[in-house]
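Subject: A structure for you to explore

Hi there,

Here is the structure I promised to pass on. Please open it next to this email and follow along as you read.

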Amino acid sequence: MSQDSALLETPLHGEHLALGGKMVSFAGFDMPVQYPHGITKEHRAVREGVGLFDVSHMGEFRVTGPQALALIQKVAVNDASRLEVGQAQYSALCQDDGGVLDDLLIYRKANEWMVVVNASNRAADLQWILKHARGLDVEVEDQSDSVALLALQGPSSATVAARLTDYPLGEIGYYRFAQGTIAGVPAILARTGYTGEDGFEFYVAAHDAVTLWRALLEAGEPDGILPCGLGARDSLRLEVGYPLYGNDLSTEYTALESGLGWIVKLDKGEFVGCEALARQKQEGVSRRLVGVVLEARGFPRAGYPLVDDQGQEVGQVTSGVLSPTLGEGIALGYVPVALAAPDSQVGVRIRGEDIPARVTRPPFYKQGSIKR
């Protein structure tokens with residue numbers, strides 16, 4: 001445990017300390033927000049070369065049994081029946097009223113499923129899924145403590161990873177995965193990530209995490225690899241408009257209001273929240289999560305008011321940053337649907353001053369290296 005006995009540690013905690021990581025509390029874990037080279041350099045390493053993240057705080061559930069798919073279809077909004085073995089899918093859990101409980105990834109294996117959830121929601125998600133598993137011939141196992149997750153991200157990620165594995169990484173498409181070995185460690189090799197760049201996420205046994213972490217940093221030295229913390233992870237995901245649970249997503253907003261309509265498959269059959277979401281789709285939403293670009297210098301932060309052209313407060317920023325890549329303030333936030341159309345004029349109130357801004361459809365940064 002860390003000095004704060006209330007905080008959990010990932011298997012790589014000692015590596016972060018040895019590298020001079022600045023540690024902060026995040027989702028109940030003691031995590032590095034940055035290393036000595038700083039957030040901006042870490043961010044640029046991922047955009048231009050390669051960076052390595054510890055995301056072992058995420059939760060992993062194993063779902064097995066004859067009705068495993070039935071359970072996943074019941075609790076998640078996307079249609080997992082469309083998945084092939086070796087394919088991953090972005091989805092979400094919703095309440096009966098359509099409010100978002102969590103966003104997640106679903107991986108289809110040959111004889112089982114893996115559901116990857118946010119660390120802050122791990123316990124609640126598990127109880128929610130178990131509640132809806134009652135009466136079904138299915139088993140749900142929380143494997144989070146025995147699994148570590150490393151994310152290698154950036155245009156040079158495949159080059160770096162290829163130095164450590166014989167698996168033909170070029171055969172793994174976007175949102176696909178394979179079982180393989182990397183740095184001598186058995187792993188799930190997934191072409192997924194949270195940065196808007198090409199990259200891989202490696203699921204390994206917790207006891208193998210240090211071996212793989214060190215091997216990846218060594219293999220990436222010729223490409224200028226940097227270990228990256230939560231700060232760069234946040235600025236990278238925001239530049240491409242990926243929402244963060246607890247900021248941009250919550251039970252306060254439905255999946256449709258949160259811009260997740262593209263993963264809500266109302267035609268797949270009944271699931272938790274489907275009636276409310278179908279009704280809202282028919283009636284229309286009154287508010288929507290949008291992207292906002294500042295038209296003057298400013299740093300939008302979560303909680304700052306969003307105002308209309310009359311200076312009336314109409315919403316608030318849920319995530320914001322001065323984009324290291326674009327050099328301008330960008331944000332996500334909820335506004336009335338009348339202001340949600342691209343190029344609508346709004347303002348961000350920063351220290352009493354209304355900075356002009358325009359609504360845009362994310363991603364803000366469109367030149368990522370993802371090979372879809």
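First, a term you will need: a nonpolar core is a set of buried Ala, Val, Leu, Ile, Met, Phe, Trp, Tyr and Cys residues joined through side-chain atoms within 4.5 Å. Please also keep in mind that this is a predicted model.

With that in hand, which residues touch the most other members of the largest nonpolar core? They are Tyr 107, Tyr 203 and Leu 260, in a core of 36 residues. At least two residues each come from β5 (87-94), β6 (100-108), β7 (113-117), β9, β11, α7 and α8 (274-283). The most come from β5, which gives four. A second core, separate from this one, has 26 residues, among them Ile 172, Val 185, Leu 189 and Ala 219. As background, nonpolar side chains tend to be buried together in soluble globular proteins.

Tyr 107 is a good residue to click on. Leaving aside residues up to four places away in sequence, its contacts include Trp 113, Met 114, Phe 177 and Tyr 203.

Now the chain as a whole. It has eight helices and 19 strands, and 58% of its 372 residues are buried. Its radius of gyration is 21 Å, which agrees with the value near 21 Å that a compact globule of 372 residues would have. The C-alpha atoms fill a box of roughly 60 × 55 × 45 Å along the principal axes. Of the contacts between residues at least 6 apart in sequence, 65% join residues at least 24 apart. The accessible surface is about 15,800 Å², and carbon and sulfur atoms account for 47% of that.

Next, two sheets to look for.

One is an open sheet of six strands with mixed pairing, in the order β10-β11-β12-β9-β3-β13. Its edges are β10 (177-182) and β13; each has a single partner strand, so one side of each is left without a neighbour in the sheet. On average, neighbouring strands are turned by 30° against each other, direction ignored. Inside this sheet, β3 and β9 pair in the antiparallel sense over four bridges, and Leu 52 stands opposite Leu 152 in β9. Helix α6 (residues 209-219) packs on the sheet and makes an angle of about 10° with the direction of β9.

The other is an open sheet of five strands with antiparallel pairing, ordered β5-β6-β7-β4-β8. Here β5 and β8 (139-142) are the edge strands, pairing on one side only, and the twist averages 25° from one strand to the next. Between β5 and β6 there are eight bridges, in the antiparallel sense; Leu 93 stands opposite Asp 102 in β6. Helix α3 (residues 68-75) lies across β4 (59-64), β5, β6, β7 and β8, at about 30° to β7.

Two smaller stops remain. In helix α2 (residues 39-48), the buried residues are Glu 42, His 43, Ala 45, Val 46 and Arg 47. Their cover includes β2 (29-34), β3 (51-54), β9 (147-153), β13 (226-228) and α7 (230-239).

Last comes Ser 156, in the loop between β9 and α5 (157-162). Why is Ser 156 called buried? Its relative accessible area is 17%, and buried means under 20%. Not counting residues up to four places away in sequence, Ser 156 touches Gly 49, Val 50 and Asp 223.

Enjoy exploring, and write back with any questions!

Best wishes

Note on methods
Residues are numbered from 1 along each chain as its sequence is written. This is a predicted model: local features need pLDDT of at least 70, side-chain atom pairs count only at pLDDT 80 or more; totals for chains, interfaces and linings use all residues. Side-chain values use heavy atoms; hydrogens and water are left out. Buried means under 20% relative accessible area, exposed over 50%, partly exposed in between (1.4 Å probe, protein chains only). Contact means heavy atoms within 4.5 Å. Two strands pair if DSSP finds at least two bridges between them. Axes are lines fitted to C-alpha atoms, for helices over the stretch in contact, and angles run from 0 to 180 degrees between N-to-C directions. The radius of gyration is taken over C-alpha atoms; the globule rule is 2.2 Å times the number of residues to the power 0.38. Accessible areas come from the Shrake-Rupley method with a 1.4 Å probe; for residues, only the protein chains shown count as cover.
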